[in-house]
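Colleague: I would like to learn how to read a fold from its coordinates. Can we work through one model together?

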Amino acid sequence: MKQCIFTVRENKEIARITYKMVLEGDTSAISGPGQFVNIKLDGFFLRRPISVCDYNENLLTIIYKTVGRGTEYMADMKAGEKLDVLCGLGNGYDLSRSGDNPFLIGGGAGVPPMYNLAKKLIAEGKKPTVIMGFNKSDEIFYVDEFEKLGADVIIATADGSAGVKGFVTDAMKDLDYSYVYICGPEPMLKAVYNTMTTSGQFSFEERMGCGFGACMGCSCETKYGNKRICKDGPVLEKEEIIW
């Protein structure tokens, strides 16, 4: 974990209530896909945990939804403004478990961490299929970006306005895959858990206090004892999850 000051380089709406922010700063604490950052906002007591979408030596890309006053504050930020960011938080995905053709499943705000994961897997010669679940078509984002990486993309919308009508589990039917990486709301995680035929890694969304394991506010029970989503997660193995 490292605390750094980042400069906003870009902040724009890319879908309904969904924004992409590019930050410039020291990303050296980020070690791989599936980690998150915790952002301090002026006038707000708690930091905002946001998944890492992509990063390189000095740029960090995050994608967030405006679901409350904090993220609405972020949406109004302009290029050149500064943010205090805790980087390199959480344990990310283990790429060594993927097999040759893994599924990468993201639901809504769970889509962004799949981007860097797809990039890393493709660089290793793997052939990931990205399944993206949304409520309706005006919420869809980053399809072109995934396809430019070389990933196969399947869209599912609950109202049928784009792609497969239904949920990500409907898009999984009759398809072969070697492993599953997933991030999204808990009902979606549980539905995939009950549908999938392989092992996998699940990234949990959870309200957090400190974001680095000190406050114990995001503890959950697993088959191997209590774990902190922010420190021991957010990624948990399928075999350890207790619903």
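The turns below go from the whole chain to its sheets, a helix and single residues.

Modeller: One caution before we start. This is a predicted model.

Colleague: Understood. How many helices and strands does the protein chain have?

Modeller: There are five helices and 16 strands.

Colleague: How do I judge the overall packing? What radius of gyration does the protein chain have?

Modeller: Compare the value with what a compact globule of equal length would give. For 243 residues that is near 18 Å, and the protein chain has 17 Å, so the two agree. The C-alpha trace spans about 50 × 40 × 35 Å along its principal axes. Buried residues account for 53% of the 243 residues.

Colleague: What share of the contacts join residues at least 24 apart?

Modeller: Take the contacts between residues at least 6 apart in sequence. Of these, 62% join residues at least 24 apart.

Colleague: And the surface? How much area does the protein chain expose?

Modeller: About 11,100 Å², with carbon and sulfur atoms supplying 47% of it. For charge, compare mean positions. Those of the 28 positive and 32 negative charges are 3 Å apart.

Colleague: Now the sheets. What is the general idea?

Modeller: Strands of a sheet pair through backbone hydrogen bonds, and the pairing is either parallel or antiparallel. Then read the strand order. One open sheet here has seven strands, ordered β4-β3-β7-β1-β2-β6-β5, with antiparallel pairing. Its edge strands are β4 (48–51) and β5 (54–55), each pairing on one side only.

Colleague: Which residue of β6 stands opposite Glu24?

Modeller: Leu59 does. For the strands themselves, β2 (residues 18–24) and β6 pair in the antiparallel sense over seven bridges.

Colleague: What is the strand order of the open sheet with mixed pairing?

Modeller: That order is β11-β10-β9-β8-β12-β13-β16, again an open sheet of seven strands. At its edges stand β11 (164–165) and β16 (235–237). Each has a single partner strand, so one side of each lacks a neighbour in the sheet. Strands β13 and β16 pair in the antiparallel sense over three bridges. There, Ser203 has Val235 of β16 as its bridge partner.

Colleague: How should I read a helix?

Modeller: An α-helix has 3.6 residues a turn, so residues three or four places apart point the same way. Then list what is buried. In helix α2 (residues 112–123), the buried residues are Pro112, Pro113, Met114, Tyr115, Asn116, Leu117, Ala118 and Leu121.

Colleague: What covers the buried residues of α2?

Modeller: The cover includes β4, β5, β6, β8 (103–107), α3 (143–149) and β12 (180–184). Look also just after α2, where Gly125 takes a positive phi of about 90 degrees.

Colleague: Let us try single residues. Is Thr129 buried or exposed?

Modeller: Use the relative accessible area; under 20% means buried. Thr129 has 14%, so Thr129 counts as buried. Thr129 lies in strand β9 (residues 129–134). Leaving out residues up to four places away in sequence, Thr129 touches Pro102, Phe103, Leu104, Asp152 and Ile154.

Colleague: And why does Val67 count as exposed?

Modeller: Exposed means over 50%. Val67 counts as exposed because its relative accessibility is 68%. Val67 sits in the loop between β6 (59–65) and α1 (69–75). Check C-alpha distances too. Val67 and Thr18 are 49 residues apart along the chain, with 9.4 Å between their C-alpha atoms.

Colleague: Where is Thr197 found?

Modeller: Thr197 is in the loop between α5 (186–193) and β13 (200–204). Thr197 is exposed, at 68% relative accessible area. From Thr197 to Val180 is 17 residues in sequence and 9.2 Å in space, C-alpha to C-alpha.

Definitions and conventions. Residues are numbered from 1 along each chain as its sequence is written. This is a predicted model: local features need pLDDT of at least 70, side-chain atom pairs count only at pLDDT 80 or more; totals for chains, interfaces and linings use all residues. Side-chain values use heavy atoms; hydrogens and water are left out. Helices (H or I, at least four residues) and strands (E, at least two) are DSSP runs, numbered from the N terminus. Buried means under 20% relative accessible area, exposed over 50%, partly exposed in between (1.4 Å probe, protein chains only). The radius of gyration is taken over C-alpha atoms; the globule rule is 2.2 Å times the number of residues to the power 0.38. Contact means heavy atoms within 4.5 Å. Accessible areas come from the Shrake-Rupley method with a 1.4 Å probe; for residues, only the protein chains shown count as cover. Lys and Arg count as positive and Asp and Glu as negative; His and the chain ends are not counted. The place of a charge is taken as NZ of Lys, CZ of Arg, CG of Asp or CD of Glu. Two strands pair if DSSP finds at least two bridges between them.
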